Amino acid sequence: MAVKVYVVFYSTYGHVAKLAEEIKKGAASVEGVEVKIWQVPEILSDEVLGKMGAPPKTDAPVITPQELAEADGILFGFPTRFGMMAAQMKAFFDATGGLWREQSLAGKPAGIFYSTGTQGGGQETTPLTAVTQLTHHGMVFVPVGYTFGAKMFGMDSVQGGSPYGAGTFAGDGSRWPTEVELEHAFHQGKYFAGIAKRLKGGSA
């Protein structure tokens, strides 16, 4: 049976959605892995989103908490809000109480990717504080570490991401993920899928 990897994200302006697509491609490049991309429910009204200048959502299906249990591994992506995950993703995690009660996600691998507005805006605190959600579910956190290689040490340009996972900087919203950031995301998807496959009993 195929290893099911879910890429579950929230994106206000599209930056995290862009990373999610690359992560999906990376995970899908591993033989025997089936990848599905989802977005979590929006909790802001259309009126508020309009005032924020947020574009229309992607056509990714909206996931319910119960559907998480179908996956063999899950990668969660979200923007930061004051150094922590956005409220939309937190609200989604808050709705997983039933899964927590049954420990339906225990033992499943999980990864994190993210977007921040500035260099000091949470490239490490955002994933670090998110790990508590995974811990209470008994999930196995799979950081990307430094497996992306030499490009993680580049100092010639601004670069998002960290050992926790792939990341990007949105700035005022006009900056989009760079080629290196997208490569990092692809790598994370591929690396994570290989781990999920091994944990399920296959060989990556």
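**Exercise 1. The cover of helix 1**

What covers the buried residues of helix 1? Identify these residues in the predicted model, and check the span of the helix.

*Solution.*
Step 1. The buried residues of helix 1 are His15, Val16, Ala17, Leu19, Ala20, Glu22, Ile23, Gly26 and Ala27.
Step 2. Their cover includes strand 1, strand 2, strand 3, strand 5 (109–116), strand 7 (167–169) and helix 6.
Step 3. Helix 1 comprises 14 residues (residues 15–28), which at 1.5 Å a residue should span 20 Å. The C-alpha atoms at its ends are 20 Å apart, so the expected span and the model agree.

**Exercise 2. A salt bridge between two loops**

Determine which parts of the chain are tied together by the salt bridge of Glu42 and Lys57, and state whether each partner is buried, partly exposed or exposed.

*Solution.*
Step 1. The structure contains seven salt bridges. In one of them the side chains of Glu42 and Lys57 meet, with an N to O distance of 2.7 Å.
Step 2. Glu42 belongs to the loop between strand 2 (33–39) and helix 2 (46–52), and Lys57 to the loop between helix 2 and strand 3 (73–81). The pair therefore ties together parts that are 15 residues apart in sequence.
Step 3. Glu42 has a relative accessible area of 24% and is partly exposed. Lys57, with a value of 33%, is also partly exposed.

**Exercise 3. A salt bridge within helix 2**

Describe the positions of Lys51 and Glu47 in helix 2, and give the exposure of each residue.

*Solution.*
Step 1. The side chains of Lys51 and Glu47 form a salt bridge with an N to O distance of 3.5 Å.
Step 2. Both residues are in helix 2, four residues apart, which is about one turn of the helix.
Step 3. The general geometry applies here. An α-helix has 3.6 residues a turn, so residues three or four places apart point the same way.
Step 4. The exposure cut-off is a relative accessible area over 50%. Lys51, at 69%, is exposed, and Glu47, at 55%, is exposed.

**Exercise 4. A salt bridge to helix 6**

Locate Asp72 and Lys200 in the chain, and classify each by relative accessible area.

*Solution.*
Step 1. Asp72 and Lys200 form a salt bridge in which the closest N and O atoms are 3.1 Å apart.
Step 2. Asp72 is in the loop between helix 2 and strand 3, while Lys200 is in helix 6 (residues 179–200), so the pair ties together parts that are 128 residues apart in sequence.
Step 3. Buried means under 20% relative accessible area. Asp72, at 19%, is buried, whereas Lys200, at 40%, counts as partly exposed.

**Exercise 5. A nonpolar surface patch**

Name the residues that make the nonpolar surface patch, and place Val48 in the secondary structure.

*Solution.*
Step 1. Tyr13, Ile43, Leu44, Val48 and Met52 make a nonpolar surface patch of about 380 Å².
Step 2. Val48 lies in helix 2.
Step 3. The relative accessibility of Val48 is 34%, and this residue counts as partly exposed.

**Exercise 6. Aromatic pairs**

How many aromatic pairs does the whole structure hold? Analyse the pair of Tyr6 and Trp38 and the pair of Phe76 and Phe93.

*Solution.*
Step 1. A search of the whole structure gives three aromatic pairs.
Step 2. The ring centres of Tyr6 and Trp38 are 5.4 Å apart and the ring planes lie at 55°, so this pair is tilted.
Step 3. Tyr6 is in strand 1 (residues 3–9) and Trp38 in strand 2, so the pair ties together parts that are 32 residues apart in sequence. Both Tyr6 and Trp38 are buried.
Step 4. For Phe76 and Phe93, the ring centres are 4.9 Å apart and the planes are at 50°, so this pair is tilted.
Step 5. Phe76 in strand 3 and Phe93 in helix 3 (residues 87–94) are 17 residues apart, and their pair links distant parts of the chain. Phe76 is buried at 1% relative accessibility, and Phe93 is buried at 6%.

**Exercise 7. Contacts of two buried strand residues**

List contacts of Phe78 and Thr116, leaving aside residues up to four places away in sequence.

*Solution.*
Step 1. Phe78 is in strand 3 and is buried, with a relative accessible area of 1%.
Step 2. The residues touched by Phe78 include Tyr10, Val16, Met85, Met89, Ile112 and Phe113.
Step 3. Thr116 is in strand 5 and counts as buried at 2% relative accessibility.
Step 4. Among the residues that Thr116 touches are Thr80, Gly121, Gln123, Thr168 and Phe169.

Conventions:
Residues numbered from 1 in each chain as written. Predicted model: local features only at pLDDT ≥ 70, side-chain atom pairs only at ≥ 80, totals over all residues. Heavy atoms only, no water. Salt bridge = Lys/Arg side-chain N within 4 Å of Asp/Glu carboxyl O. Buried < 20%, exposed > 50% of the residue type's maximum accessible area, 1.4 Å probe, protein only. Patch = residues over 30% accessible without salt bridge, like charges linked within 9 Å, V, L, I, M, F, W, Y side chains within 5 Å. Areas by Shrake-Rupley, 256 points an atom, 1.4 Å probe, with all protein chains shown as cover. Phe/Tyr/Trp six-rings, centres within 6.5 Å; stacked < 30°, edge-to-face > 60°. Expected span 1.5 Å × (residues − 1). Contact = heavy atoms within 4.5 Å.
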